[in-house]
Every structure is written in C-alpha cells, then in structure tokens.
Amino acid sequence: MTATRVLVLNSGSSSVKYQLLDMRDATRLAVGLVERIGEQTSRLKHTCVSTGGTREQNGPIADHDAALKAVAGELARDGVGLDSPELAAIGHRVVHGGMFFTEPTVIDDAVLTEIERLIPVAPLHNPANLTGIRTAMALRPDLPQVAVFDTAFHTTMPESAARYAIDTKLADRYRVRRYGFHGTSHAYVSRATAELLGRAPEDVNVIVLHLGNGASASAVRGGRCVDTSMGLTPLEGLVMGTRSGDVDPAVIFHLQRVGGMSMDETDTLLNKRSGLFGLCGDNDMREIRRRMDDGDEQARLAFEIYIHRLKKYIGAYYAVLGTVDAVAFTAGVGENADFVREAALAGLDGLGLAVDGARNAVRGQEARLISPEGARVAVAVVPTDEEMEIASQTYALVGKDD
C-alpha cells in the first residue's frame, strides 16, 4: 500500500491545530483543534471531512503529549489513525528557521538543536513548535517528521532588504536581521494568484497582503520573495490586531526612561496591547466596522491608521517590484472584509489599482478577481491554505527522499 497521507501539526503554547490530508488528490480527511491545553476547560474539536461529522471532548488535557494522544484517538475512530500504513509523514509548522533553514527539512537531532538555538528570536513560538515535534516523534519514532518554516520563503530577500542599518558585526553576532513570517501563506497565495491569471509563477510579480489578527505584506518577483513587512520578529510592519507594527525604536527608550516601564512591560504593550486593540479597544474588524457604522470616531481613527499603513506598504512594494501584475488579499480580514480591500486601494487608480464594487462584494471560498474588467493590475482575493502548503512541501520532500 502506497503511503500518501500527511498529518499537519501546528503546535502553539496551549493549542494544537491539525489536518490530515491525502496527497493523491489533495483532499482533507480530518481537521481539528485542541485548545486551552493545561487547563481544566480544555477542548478538542474534531471533524471527519468525509462524513461532515464533528465530535467534541471537553475536560482537562494536561499537556501536548495528552493532546496528541487524544488527537490520535479521534483519528483512529475515523479509521485514519497514526498507525495507518498510509501515513507517509507528519509535517510541522515551525515559525522561525533563521537563515539556516531555507526549505522543508526532515527533522533529526541536529535540526532540533538548531530550532532550539533560535528560541531567543522566537521565544513565543519555537518552544511550542518543539514540544509538538518531540511529542509526535515519541508517538511515531519510525515516521519521517518534516519541519516547514514560516521564514523559509523569505530567505530569498536580497541583503539590501534583509539587513538593518546597524553595526554589521553586532548584527551577525546576535542574528539581527529581517526574517519575515507567514511564509507558507505568502508562498501559497503568490503561486495561486499566478494560477488564477493563467500564468507561471516565474512570470508574475505579486504583492501579497496577508491580513488577519497578525498581518504582513510581501513583494514577490517571479515566485521569489524580495521584501516583506515583518522583520526579526512578527512585530514589525503593518498595524495588526494587537501588535503595533512599525514604531520608532526610541518610543521604547522613552517609555522606559520617562514612563518607568520595564522591558517586559514594553514588550507586552507593543505585542499584546497595541495595534487596533490599543487604538480603540477592539481587534475584531467586524466589531470595528459596526462601531464605525454607529458613528464611533475612535474606531474610525483606528481603521484609518490601519489603512494608512497598509496603503504605504502597497505603494512601497509597487516601487520595489517596478512592475506589478497583481495584488492579492488573503487571510481572515483580507478574504472577508470587502470594505478593507476597497479602502486599501482607494485613490490608487494612477497605479492601475482599483476594485469593482460588485465583484468585491461577492463572498466565496474560491480564488477570484475583484478588479474591473481590463484592469492594468489584477486585484484578487485568494483564500490561503497554509496546511495544504505544509502538506505539499512535506510530501514532496518525503517522496524525493524515497
């Protein structure tokens, strides 16, 4: 029996998202989420795609080992358990791969050591990713485990885009450079946009706007990333749900010297109490829209700041690319908030960028064009599929090794 299935695991500090896919026809067999791991109110929600049936477990799940064993039990109930000979590999999302990992990698002790060494530049993400990997390896030590890195797609950035203008020796010593994140999404969406246009990825220049609670933009020339908005960490760039995005570094010094804030307090401020939440108390774009419709000026100002920053990056990446074939919106806000898309491109007609009102208002799960007929630059909504990207990269690597 040929092994064609890939289990994708995305391990967070207190959660595990997972999908089981069959790569013969790129179909999903099961999807699920374990959340609030380590709490009394833990929950596992599992869906068998073929039947559409959903099951829930509610109650304490002590740790990731217990969480993955519970996931394995749910998969076994559907006849697609971890002991299945059809399971080819487990693919793991790893947020930070530094400059060392530029492509999907079969995990061994050396790989684990390097991911661990990168914890100082990804303290919120890499430890959780490592926990999930080690737990999965313990459950299936005989199975190939593959790491797919959020940063890998952005390692093609030229040094002129990746370097900060600080002392080079100091930067190299402490690995300070722009890495970028959401790479699996940017890779998938840029390629899917080219497909939507009926062209090869190497012939298309795309600005990808991944707009969710976390948000990032990228400039993709011929299938290769040449710039992206996130940097050393996911804090840089666009205004996000709770992250500030770009800010003068001296703001930190000012808050510490004048406001008496500690390093941890400023870190919490910029990552968890800023962005849309810091500006108006909400980080849900639907609620912000409702408040704007009710005449809430604080919500309107937050939205205008969000759009202003987004528009600046669109213009900047247009300049970086020189020629743009498409702008693609993706992720939760990008795919669903037509008013965000409209506002982001308003007034950019001189760059060939516009949305057709009727097309933009249509909601759907398929990739689609929302620019006017005959527009110089295509504007697209392309639902991201990071799990499929991870599964595809994992299966391609395992197949190559075989």
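1. In this predicted model, the buried residues of helix α1 are covered by a set of elements that includes the strands β1 (5-11), β2 (15-22), β3 (27-35), β4 (43-48) and β5 (53-58), together with the helix α3 (126-139). The residues of α1 that are buried are H64, A67, L68, A70, V71, A72, E74 and L75, a list in which H64 and E74 appear beside alanine, leucine and valine.

2. The length of α1 can be checked against its residue count: at 1.5 Å a residue, the 14 residues of this helix (residues 64-77) should span 20 Å, and because its end C-alpha atoms are 20 Å apart, the expected and modelled values agree.

3. Both ends of α1 deserve a look. At the N-terminal end, D63 acts as a cap, with a side-chain oxygen placed 3.3 Å from the backbone nitrogen of D65, while just after the helix G79 takes a positive phi of about 80 degrees.

4. The strands named above belong to an open sheet of eight strands, which has mixed pairing and runs in the order β5-β4-β3-β2-β1-β6-β8-β7. The edges of this sheet are formed by β5 and β7 (105-106), each of which pairs on one side only.

5. Within the sheet, β2 and β3 pair in the antiparallel sense, and eight bridges join them; Y18 stands opposite G32 in β3. The helix α3 packs on the sheet, where it touches β1, β6 (87-94) and β8, and its direction makes about 165 degrees with that of β6.

6. Is V146, in strand β8 (residues 145-149), buried or exposed? Its relative accessible area is 0%, and since buried means under 20%, V146 is therefore counted as buried. Leaving aside its neighbours within four places in sequence, V146 is in contact with I90, G91, H92, P104, T105, V106 and I107, and also with T394, L397 and V398. By contrast with these contacts, the C-alpha atoms of V146 and S218, which are 72 residues apart along the chain, are separated by 25 Å.

7. A further helix to inspect is α8 (residues 263-272), in which T266, L269, L270 and N271 are buried. The buried residues of α8 pack against α7 (250-257), whereas the cover over the buried residues of α1 includes five strands, β1 to β5, as well as the helix α3.

Technical notes. Residues are numbered from 1 along each chain as its sequence is written. This is a predicted model: local features need pLDDT of at least 70, side-chain atom pairs count only at pLDDT 80 or more; totals for chains, interfaces and linings use all residues. Side-chain values use heavy atoms; hydrogens and water are left out. Helices (H or I, at least four residues) and strands (E, at least two) are DSSP runs, numbered from the N terminus. The expected span of a helix is 1.5 Å times one less than its number of residues. Buried means under 20% relative accessible area, exposed over 50%, partly exposed in between (1.4 Å probe, protein chains only). Contact means heavy atoms within 4.5 Å. A polar contact is a pair of N or O atoms within 3.5 Å; within protein, one must be able to donate a hydrogen and the other to accept it, and residues adjacent in sequence count only if both atoms are side-chain atoms. Two strands pair if DSSP finds at least two bridges between them. Axes are lines fitted to C-alpha atoms, for helices over the stretch in contact, and angles run from 0 to 180 degrees between N-to-C directions.
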